[in-house]
Amino acid sequence: MPDDQIRTFQSVFDCEARAVGDRFRSDMTVTLHKPEYLQWELSADEYGFQGGDGSAPVPMAYFMAGLTSCLLTQLRVFARRLRIDISDAKVSCHAEWEASARGRDPYVAMPKSVHMDIEFDSAAPLADRQRLIDAAKGGCFIEAILREPMNITHRLKTEAGWVDA
């Protein structure tokens, strides 16, 4: 295959979350359909502040872990592809959100910032290390969700069928 040929692949996931008990625990089945089939069982729970039991990581912990490990993984993948030797790679992520509510109305969450620090050992020139980071940012599917505006659709199952929600 020529080096300049464009190759495309899809990554397709589904996740079903089920309420467990009378508090805020969720048990989830996450399924990767493409490029291969894999499945995981995960759980999430809120901590005491939200009325949960803290029996599993809070949902945002999965987001933070996914975002941070995605960039780290892509650094390692693209270091090989770009032939840039790195070792002892580490990514640290700091994110902040704010939620506001009027009286007893439901709160509305708003993102404030995401900051990522990247460290790795390498004898490569700074320009190559920056090129590697740019490639990793471009290849991180989770970062792409944040970078590219996208409409998230919601539906509600009713007696008459699915309706937009």
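In the structure, which is a predicted model, Thr31 touches Val12, Phe13, Asp14, Tyr37, Leu38 and Gln39, when residues up to four places away in sequence are not counted. Thr31 itself belongs to strand E2, which spans residues 25-34, and with a relative accessibility of 7% this residue counts as buried, because the value falls under the 20% limit used for that class. One of the residues that Thr31 touches, Gln39, is also joined to Thr31 through the side chains, in a polar contact of 2.8 Å.

Eight salt bridges are present in the structure. Side chains of opposite charge can pair when their charged atoms come close. Three residues, Glu16, Arg18 and Glu41, are linked in a network of such salt bridges. Within this network, the closest N and O atoms of Arg18 and Glu16 are 3.4 Å apart, while the salt bridge in which the side chains of Glu41 and Arg18 meet has an N to O distance of 3.6 Å. Because Glu41 is placed in strand E3 (residues 38-44) and Arg18 in strand E1 (residues 12-20), the latter pair ties together parts that are 23 residues apart in sequence. With regard to solvent accessibility, Arg18 is partly exposed at a relative accessible area of 31%, Glu16 is likewise classed as partly exposed at 48%, and Glu41 is exposed at 53%, a value that is over the 50% limit for the exposed class.

A further salt bridge is formed by Arg147 and Glu148, whose closest N and O atoms are 3.5 Å apart. Arg147 counts as partly exposed, with a relative accessibility of 39%, and Glu148 is assigned to the partly exposed class at 45%. Arg147 is the final residue of helix H3, which covers residues 141-147 and also contains Ile145. Ile145 is exposed, its relative accessible area being 52%, and together with Leu146, Met150 and Ile152 this residue makes a nonpolar surface patch of about 440 Å².

In soluble globular proteins, nonpolar side chains tend to be buried together. The largest nonpolar core of the model consists of 10 residues, namely Leu71, Leu75, Phe78, Ala79, Ile84, Val91, Phe120, Ala124, Leu132 and Ala136. Two or more residues of this core are given by helix H1 (59-81) and by helix H2 (126-139), and the largest share, amounting to four residues, comes from H1. The surroundings of one core member, Ala79, include contacts with Ile84, Ile86 and Leu132, once neighbours within four places in sequence are left aside; of these three, Ile84 and Leu132 are themselves listed in the core.

Phe120, another member of the core, is also touched by Asp88, for which the set of contacts beyond four places in sequence comprises Glu119, Phe120 and Asp121. Asp88 is located in strand E4, which runs over residues 87-100, and is exposed, with a relative accessible area of 64%. With respect to Gly54, Asp88 is separated by 34 residues in sequence and by 32 Å in space, as given by the distance from C-alpha to C-alpha.

Conventions:
Residues are numbered from 1 along each chain as its sequence is written. This is a predicted model: local features need pLDDT of at least 70, side-chain atom pairs count only at pLDDT 80 or more; totals for chains, interfaces and linings use all residues. Side-chain values use heavy atoms; hydrogens and water are left out. Buried means under 20% relative accessible area, exposed over 50%, partly exposed in between (1.4 Å probe, protein chains only). Contact means heavy atoms within 4.5 Å. A nonpolar core is a set of buried Ala, Val, Leu, Ile, Met, Phe, Trp, Tyr and Cys residues joined through side-chain atoms within 4.5 Å. Patches are made of residues with over 30% relative accessible area and no salt bridge: like charges are joined within 9 Å, nonpolar side chains (Val, Leu, Ile, Met, Phe, Trp, Tyr) within 5 Å. Accessible areas come from the Shrake-Rupley method with a 1.4 Å probe; for residues, only the protein chains shown count as cover. A salt bridge is a side-chain nitrogen of Lys or Arg within 4 Å of a carboxyl oxygen of Asp or Glu. A polar contact is a pair of N or O atoms within 3.5 Å; within protein, one must be able to donate a hydrogen and the other to accept it, and residues adjacent in sequence count only if both atoms are side-chain atoms.
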